[in-house]
Each structure stands twice: as structure tokens, then as C-alpha cells.
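Please look over the sequence and the model below before reading on. The paragraphs that follow go through a few selected places one after another.

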Amino acid sequence: MHSRRTLLATALGLASTTMLTACATAPSPSYDDRPPVVFVHGNGDSAALWQTTVWRFETNGWPRDRLFAFDQPNPLARDDDAVAQPGRSSTGESAVFLKAEVDRVLKATGASKVVLIGNSRGGNTIRNYVQNGGGAAVVSHVVLGGNPAHGIWSVKGFRENNEFSGLSGFMQQLNAPKGPNGEEVTPGVKWMTLRSDNNDKYAQPDGVWIGAPGKPTNIGFDGPALKGATNVVLPRVDHRETSFSPAAFAATWQFLTGQAPRTTGVEPDPAVVLDGRAIGAENLALNGARVTVYTVDPATGARLGDAVFTKAIGADGRWGPFKARSDAAYEFVLATPSYGTTHIYRSAFPRSSRLVNLRPERIVPADNGASSVVVFTRPRGYFDAQRDTMRFDGKSPPAGVPARGSGVASSRLRIEGGGAPRAVTGEFNGERVTGLTWPAANEHTTVLELTY
């Protein structure tokens with residue numbers, strides 16, 4: 001076991017804080033002090049995944065102007081960290097990006113220290129910045145959710161120069177013993193790791209999720225734990241839920257403040273303003289695209305009148321701000337010169353957010369012959385057929401979701417035969433999103449995007 005102390009927290013966010021209270025040893029900052037928090041997303045992701053976490057921080061009183069999340073350009077790791085690869089970033093480039101963002105936050109807020117919270121690869125970036133990029137001088141606390149702290153695999157001869165290999169020079173250097181107790185974390189900063197008990201696809205002893213089923217990865221379920229950190233176990237959460245679930249928020253709030261959060265829910269804003277970026281897979285702006293927003297009937301996906309907002313996308317990628325209704329369901333139409341048109345259906349937004357990023361979904365060769373294509377997606381977690389209640393266009397579990405394990409975050413429906421547009425519904429643990437089909441022949445796709 002890598003941890004100095006490993007805690008078992010229940011999957012329910014509020015219940016988890018009861019056990020965490022025992023490990024809160026006069027942490028700083030105090031409950032009344034709210035330093036800037038910088039959220040760092042994972043491999044191939046964007047800042048949008050932190051939306052519900054930011055809402056929970058705001059609901060519990062953390063000032064909105066002290067919560068920061070950024071889109072890293074080229075967020076995918078290189079196959080070989082030392083070899084340049086188009087559209088991908090190295091460990092060094094990722095750390096340099098984070099340093100620049102932290103410096104900007106410190107300057108804007110006048111603060112002397114920040115809190116860093118990272119998911120998955122974001123934890124690698126944070127550790128590298130703190131240990132090797134000067135971050136130890138300006139970071140008070142670090143929270144790492146689902147960070148592959150000892151790699152996703154540690155197999156001699158198998159992609160050893162990838163940053164996710166436990167045998168890589170990068171990982172070996174990060175985990176080299178530090179201080180008199182041989183800790184794996186940088187001294188002078190308070191560290192916490194959050195991991196699943198056994199449901200994180202990237203902390204598995206078997207190589208099923210890296211394309212090598214039946215072969216050992218030499219990584220255990222406790223791979224994300226670090227010697228010298230407070231290591232917390234969240235039962236049954238999946239890889240992304242180690243950061244984006246109510247339980248992860250409760251543990252994080254407890255660690256930062258020494259108190260349980262008042263709630264792990266999201267309380268509504270009196271007025272809702274939405275904004276975000278229209279971006280491609282590399283998190284680069286879709287300059288020249290257009291976003292149009294419609295209010296829709298949440299039961300059918302049908303538009304309720306004319307567009308309520310439209311904007312051409314410029315070099316910064318920003319599509320808002322849009323004054324929304326907290327009780328309304330919306331269709332976001334993202335029309336791009338190169339990806340076609342994506343119709344994104346979302347649940348109502350209870351709070352304002354600048355993290356409503358819109359990404360296109362393109363028609364792929366496997367879609368040939370389909371009259372319509374609908375994607376049901378859960379950005380902040382995975383589908384688990386054993387754990388979750390879900391249905392997609394009447395089918396449970398959705399197509400492509402395995403009978404065991406939390407390793408798939410989307411399901412793709414290909415509708416044959418043409419005909420008039422029809423409603424398609426995706427349901428997941430009480431959240432229900434309905435949208436209309438659109439003609440694939442005209443490069444239109446439908447996305448049903450879950451918020452929770």
C-alpha cells in the first residue's frame with residue numbers, strides 16, 4: 001500500500017465527510033479563507049468537466065471569482081513523451097501551460113498561494129509543476145482524483161517512454177523518495193489523492209482497458225495513492241467520478257476546510273448566464289463556426305419557437321454569454337465548416353457557468369448507411385451496467401456498454417430507414433435528456449449530453 005493512511009469513504013458524498021473528519025488535522029486555509037482554486041482537466045478532456053464541481057463549490061460559499069478552470073491546448077499525451085506528435089503535448093509542455101495559468105491567477109487575484117485540483121493526467125501535470133516547475137512556492141494544497149500516480153501499466157518493453165508507463169523516466173522521477181521519510185510527494189504542500197476501490201479503468205491489475213485483456217499491468221487498484229499524501233478511497237466510483245462526483249467534492253471540501261460541506265447538491269442561481277468555448281478535439285477554437293440556441297420541450301426535444309440566441313465563433317472560441325432560464329431545456333446547434341452540424345441537447349442549467357464547452361460530433365465511416373446518428377454521452381463519468389440505472393432509446397444497457405466495468409462514457413445509435421425526425425431519449429440515474437434525430441446525409445448528428 002502506498003499511503004501513509006488510507007481512508008474508506010462511502011459513495012454518498014455527505015456520508016463520506018463523516019469519516020474524513022477524523023483525518024482533518026488543522027488544515028489550512030481556514031474555513032473563512034478562500035484562496036484561488038485552479039482545476040486541471042485530464043487526458044483529451046476540457047475545462048467543461050469541472051462544471052458541476054465548480055457549482056458545488058459556489059453553492060457552499062466559495063467565491064465564483066476565485067474558481068478557475070482552463071482548456072489546455074492539445075490535451076492528449078504523446079505516445080512517446082520525447083517525440084513530438086501533431087496535436088499532442090508533452091509532460092513538459094503541459095507543466096509550462098499550468099505554470100502560466102497559475103501565474104495569471106496569482107496576478108489577477110493578488111493571492112500568494114493557490115489550490116490545485118486535478119483529474120487523471122491533470123495530476124501528472126500538477127505533480128510535475130509542483131516538483132520541477134517552481135509550484136511548491138505558490139501551491140498550498142493539491143487534490144488528485146484518479147491520477148495514475150504509478151502509471152497505468154508498468155510492463156518492460158511496452159511503451160516505456162509514454163508518460164503513463166510506471167517505468168518511464170518521467171514517472172520514476174516523480175516518485176523518487178523525498179524528504180527524511182522517503183515520501184513520493186513534494187514536501188511543503190498538503191496532498192490528497194482520491195481513488196476508487198476497484199472500479200477505475202486505469203487502476204486495474206488486468207490490461208483489459210489498455211487493449212491487453214488477461215495480461216498483468218503490474219499496477220494495483222491502489223495505483224493512484226501516494227506515500228506522504230492523505231489517501232481516500234471512494235467505493236464504486238469510476239475513473240472520472242474520482243474527481244467529478246458528489247463524494248469527491250465532499251472529500252475535497254473536507255480536506256481544504258476541515259469541515260463537511262453544507263451540501264453536495266447544486267443550488268439554483270436567481271439569474272443564469274451561460275458561456276463557454278466551441279472547440280475541437282485539440283481544445284482549439286472552432287473559428288468560423290456558428291452556435292444557435294433553441295428552447296426545447298424536454299419531453300420531446302421539439303423546438304419551442306425561434307432561436308433564442310446565435311453567435312459567430314471567433315478566434316477565442318467563445319460562444320456566449322447567453323442569458324438562460326434555469327427551468328428550460330436547450331438545444332445547442334454547432335455548425336462548423338469542417339465537422340458538419342451537431343445538435344447538442346442538455347438538461348436545464350440551475351446555475352451560471354462559463355464552462356459550457358461545445359464540441360462537434362462528426363459522422364464516421366461506420367455510420368455509412370444510417371439515416372440518423374445519435375450519441376448519448378456522460379462526460380463526467382462512465383456507464384456501469386451493474387451500478388447504474390440507464391436506458392437509451394428504450395434499450396438497457398445502451399449499445400456498447402459492457403456487462404461489467406466502468407469503461408465506456410458514450411453510446412452510439414445508428415438509425416436506419418429514414419423517415420420523419422423522431423424523439424430519442426437517454427436516461428441515467430434520474431437525469432433524462434431528449435432530442436430529435438437529424439439527417440446524417442447532410443452531416444448532421446445528435447448528441448444527448450448528461451450533466452451529472
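Which backbone oxygen lies 3.5 Å from a polar atom of the side chain of Arg 359? In this predicted model, the backbone oxygen belongs to Gly 280, and a further one, that of Gly 44, lies 3.3 Å from a polar atom of the Arg 359 side chain. Arg 359 itself sits in the loop that runs between strand S17 (340–346) and strand S18 (372–377), and its relative accessible area of 28% places it in the partly exposed class, because that class covers the range between the 20% and 50% cut-offs. Once neighbours within four places in sequence are set aside, the residues in contact with Arg 359 include Gly 44, Asp 45 and Ser 46, as well as Ile 279, Gly 280, Ala 281 and Asn 283, and also Leu 334, Thr 342 and Ile 344. The C-alpha atoms of Arg 359 and Ala 278 are separated by 6.0 Å, although the two residues are 81 residues apart along the chain.

A second polar side chain can be followed at Ser 89, which belongs to strand S5 (residues 88–89). Ser 89 has a relative accessible area of 4% and is therefore buried, and its side chain reaches the backbone oxygen of Asn 74 at 2.7 Å. Leaving out residues up to four places away in sequence, Ser 89 touches Gln 72, Pro 73, Asn 74, Pro 75, Leu 76, Ala 77 and Arg 78, together with Arg 121.

Arg 121 also appears in the packing of two helices, since it is one of the H4 residues that meet H3. Helix H3 (residues 91–109) and helix H4 (residues 121–132) pack with their axes 9 Å apart and at an angle of about 75°, which means that H3 is roughly perpendicular to H4. From H3, the residues Thr 91, Gly 92, Ser 94, Ala 95, Leu 98, Lys 99 and Val 102 take part, and from H4 they meet Arg 121, Thr 125, Ile 126, Asn 128 and Tyr 129. Sorted by class, this contact of H3 with H4 holds five nonpolar, five polar and two charged residues.

Helix H7 (residues 246–257) offers another view, with twelve residues that reach 16 Å from the first C-alpha to the last, close to the 16 Å expected at 1.5 Å a residue. H7 is mostly covered, eleven of its twelve residues being buried, among them Phe 249, Trp 253, Phe 255 and Leu 256. Just after H7, Gly 258 takes a positive phi of about 80°.

How values were computed
Residues numbered from 1 in each chain as written. Predicted model: local features only at pLDDT ≥ 70, side-chain atom pairs only at ≥ 80, totals over all residues. Heavy atoms only, no water. Axes fitted to C-alpha atoms, helices over the stretch in contact; angles between N-to-C directions. Helix = DSSP H or I, 4+ residues; strand = E, 2+ residues; numbered from the N terminus. Parallel < 35°, antiparallel > 145°, perpendicular 65-115°, else oblique. Contact = heavy atoms within 4.5 Å. Nonpolar A, V, L, I, M, F, W, Y, C, P; charged D, E, K, R; others polar. Buried < 20%, exposed > 50% of the residue type's maximum accessible area, 1.4 Å probe, protein only. Polar contact = N/O pair within 3.5 Å; in protein donor to acceptor, adjacent residues only side chain to side chain. Expected span 1.5 Å × (residues − 1).
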